[in-house]
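User: Please take a close look at a single part of this model, the charged patch on its surface, and then set that part in the context of the whole chain.

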Amino acid sequence: MMQDEQEKWVDEVMNSLQGMQRAVPPVDLFESIEAQITKSRERGKIIPMRQIRWSIAIAAVLLLLNVVAIRSYTVNNNNGYASVDLTEDTPLISDFKIYE
């Protein structure tokens, strides 16, 4: 029963397409698309000098920050642990009586 209803629906949909015509584009559509493409190629994109200067300045600042970060990492390379310089004479905690 369900199969018959599906086939009937498919037949109705397919029959609804009869008598339709294919879409036809305007005659000069291809030429106008080609004209727009060549026009955009000829004109090109102009980047303002101010934008180029800002880009160079930002790149220089980022480079400087990276150099500082790498330099401080190599100088203080202690594998991520805090280093405590203790000698035998210096106790870590001298008095456990905090509130007295």
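Analyst: With a relative accessible area of 53%, D4 is exposed, because the cut-off for that class is over 50%. D4 lies in helix α1, and together with E5, E7, D11 and E12 it forms a negative surface patch. Membership in such a patch requires over 30% relative accessible area and no salt bridge, so the value of 53% for D4 satisfies the area criterion.

A second patch, of nonpolar character, is also found on the surface: W9, V10, V13, M14, L17 and M20 make it up, and together they have about 630 Å² of accessible area. One of these residues, L17, is found in the loop between α1, which spans 2-16, and α2, which spans 29-43. L17 has a relative accessible area of 46% and is therefore partly exposed, whereas D4, at 53%, is classed as exposed.

As for the wider setting, the model is a predicted one, and its protein chain contains 3 helices and 0 strands, arranged along the sequence in the pattern α-α-α. Of the 100 residues in the protein chain, 0% count as buried, a class that would call for under 20% relative accessible area. The accessible surface of the protein chain amounts to about 10,900 Å², and carbon and sulfur atoms account for 60% of that area.

Confidence should be read alongside these values: the mean pLDDT of the protein chain is 81, with 72% of its residues reaching 70 or more. In the protein chain, helix α3, residues 49-75, has the highest confidence, at 93, while α2 has the lowest, at a mean of 84.

How values were computed
Residues numbered from 1 in each chain as written. Predicted model: local features only at pLDDT ≥ 70, side-chain atom pairs only at ≥ 80, totals over all residues. Heavy atoms only, no water. Patch = residues over 30% accessible without salt bridge, like charges linked within 9 Å, V, L, I, M, F, W, Y side chains within 5 Å. Areas by Shrake-Rupley, 256 points an atom, 1.4 Å probe, with all protein chains shown as cover. Salt bridge = Lys/Arg side-chain N within 4 Å of Asp/Glu carboxyl O. Helix = DSSP H or I, 4+ residues; strand = E, 2+ residues; numbered from the N terminus. Buried < 20%, exposed > 50% of the residue type's maximum accessible area, 1.4 Å probe, protein only. pLDDT = per-residue confidence, 0-100. Lys, Arg positive; Asp, Glu negative; His and termini not counted. Charge placed at Lys NZ, Arg CZ, Asp CG, Glu CD.
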